[in-house]
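Thanks, everyone. I'll put the chain on the screen now and then go through it from the overall layout down to single residues.

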Amino acid sequence: MILETIEVGGCRSYVLGCPKTNIAAVVDPEISAVERYRGVAAKHGLAIRYAVDTHTHADHFSATREIGKALNAQVVMSHLSAAPFVDLRLDDGDMLIVGDLRIHAIATPGHTADSTCLVVQDHVFTGDTLLIGGTGRTDLPTGDPDKLHESLFTKLLKLDPATQIHPAHEYKGRIGSTIGEEIRSNPRLQKTARADFVEMMRALNIQAPTHLTEALRVNMSGKKSVAQLLAEASASTPFMSMTELSARLAARQNDLIVLDVRERDQFDAGHLPGAMLLPRGQLELRVNDAFPDPTVRIVAVCEFGKISTFAAATLRSLGYMRAAALDGGMKSWREAGLAVEK
Ligand SMILES: [Fe+2]
């Protein structure tokens with residue numbers, strides 16, 4: 001088996017390939033690493049046909065849907081997963097055939113209700129059910145410490161002790177653990193009695209993940225994160241630098257409109273010389289009156305440079321093909337000591 005580990009922050013994902021048929025699966029892919037999976041696959045001459053999530057992630061954005069669309073791969077998850085875009089849903093005991101590789105699914109609820117571990121040869125991809133020196137938490141939506149105890153002690157830890165484990169998270173850079181090693185040294189697995197284990201899990205006081213609600217929303221629906229929306233808006237919009245705009249305003253060329261899309265009170269507190277105010281929230285409904293000439297050159301400005309990017313993208317999608325956004329916002333403009341009008 002070809003096996004590559006891809007790290008993104010504390011997240012680990014894996015490309016598993018069959019060397020004979022050149023077919024591969026990616027396990028727990030993360031949205032910012034899509035090009036890396038493609039690169040790994042290309043390096044080994046593999047075609048990624050399956051994008052598998054071991055569970056509904058609450059702490060990062062899954063790339064299964066993206067990979068499914070981009071590479072025409074099947075999106076695979078548990079039959080209990082909420083995501084509507086899953087092509088193939090696995091039940092306990094099901095097997096996924098990837099070329100000559102046999103990937104066995106073991107339902108291991110506990111970290112989440114849809115948690116599934118994947119056994120391939122002498123490897124197990126444990127998701128967040130079992131980590132190196134830890135276990136997944138059980139305090140997030142659908143988590144259940146009782147079920148995690150059962151999944152670990154009656155299922156996962158019954159695998160051959162030599163089985164190598166590959167978790168979805170590792171924050172300390174450790175590699176190369178086995179089921180036997182974890183049974184021996186993992187502090188969480190020393191509480192073997194159910195009541196003790198449950199008490200220990202309930203007593204853990206772990207911070208909520210940074211993107212909890214957004215990651216759950218995006219991973220469960222297959223829709224977009226705010227960062228993705230902003231990246232798409234940026235990709236469809238040209239920008240103008242502060243130096244360029246400042247020079248053009250100083251030269252009074254009068255060949256462009258500076259459109260301030262903030263609210264009235266922010267505008268009144270200081271804006272670019274000659275700027276016109278049209279808050280982002282009113283843009284679509286007032287644009288026909290504000291800009292009767294579709295060939296006009298517009299540079300959108302906001303406080304931090306994000307809302308103006310959305311505004312410029314909206315204007316372009318409405319047919320104002322010379323709309324752009326300032327690279328930066330009023331905050332950077334003021335900090336650079338450039339001209340402000342009140
Ligand atoms: Fe997780």
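What share of the 342 residues in the protein chain is buried? The answer is 40%. Please keep in mind that this is a predicted model, so each value here is computed from predicted coordinates.

Let me begin with the overall layout. The domain assignment splits the protein chain into domain 1, residues 2–223, and domain 2, residues 227–335. Taken over C-alpha atoms, the centres of domain 1 and domain 2 are 43 Å apart. The C-alpha trace of the protein chain spans about 75 × 50 × 35 Å along its principal axes.

In secondary structure, the protein chain has 12 helices and 19 strands. Its radius of gyration is 26 Å, whereas the globule rule gives 20 Å for 342 residues; the chain is well over that, and therefore more spread out than a compact globule. As for contacts, take those between residues at least 6 apart in sequence: 62% of them join residues at least 24 apart.

Next, a sheet. In what order do the six strands of the open sheet come? The order is β1-β2-β3-β4-β5-β6, and the pairing is mixed. At the edges are β1, residues 2–8, and β6, residues 88–90; each has a single partner strand, so one side of each has no neighbour in the sheet. From one strand to the next, the twist averages 25 degrees.

At the β6 edge, the partner is β5, residues 74–78; β5 and β6 run parallel and are joined by three bridges. One of the residue pairs to look for is S78 with L90, its bridge partner in β6.

Two helices lie across these strands. Helix α1, residues 34–44, lies across β1, β2, β3 and β4, and runs at about 155 degrees to β1. Helix α2, residues 64–71, lies across β3, β4 and β5, at about 150 degrees to β4.

Now the interior. In soluble globular proteins, nonpolar side chains tend to be buried together. In this chain the largest nonpolar core has 51 residues, and the members that touch the most others are L16, A24, A25, V26, I48, A51 and L118. Which strand gives the most to this core? That is β8, residues 101–107, with five residues.

L16 is worth selecting on the screen. Leaving out residues up to four places away in sequence, L16 touches M1, L3, A24, A25, V27, V98, L101 and V120. Another core, of 28 residues, lies apart from the one L16 belongs to; among its members are V261, Y320, A324 and L326.

Last, some backbone geometry. Most residues other than glycine have a negative phi. N72 is not a glycine, yet has a positive phi of about 60 degrees. N72 sits in the loop between α2 and β5. Is N72 buried or exposed? N72 has 10 C-beta neighbours inside 10 Å, and exposed means 12 or fewer, so N72 counts as exposed.

Q121 also has a positive phi without being a glycine, with a value near 50 degrees. The loop that holds Q121 runs between β9, residues 116–120, and β10, residues 123–127. With 14 other C-beta atoms within 10 Å, Q121 is partly exposed.

That is the end of my notes.

Definitions and conventions: Residues are numbered from 1 along each chain as its sequence is written. This is a predicted model: local features need pLDDT of at least 70, side-chain atom pairs count only at pLDDT 80 or more; totals for chains, interfaces and linings use all residues. Domain bounds come from an automatic or database domain assignment. Two strands pair if DSSP finds at least two bridges between them. Helices (H or I, at least four residues) and strands (E, at least two) are DSSP runs, numbered from the N terminus. Axes are lines fitted to C-alpha atoms, for helices over the stretch in contact, and angles run from 0 to 180 degrees between N-to-C directions. Two residues are in contact if their C-beta atoms, placed from the backbone, lie within 7 Å. The radius of gyration is taken over C-alpha atoms; the globule rule is 2.2 Å times the number of residues to the power 0.38. A residue is buried if 20 or more other C-beta atoms lie within 10 Å of its own, exposed if 12 or fewer, and partly exposed in between; C-beta atoms are placed from the backbone. A nonpolar core is a set of buried Ala, Val, Leu, Ile, Met, Phe, Trp, Tyr and Cys residues joined through C-beta atoms within 7 Å.
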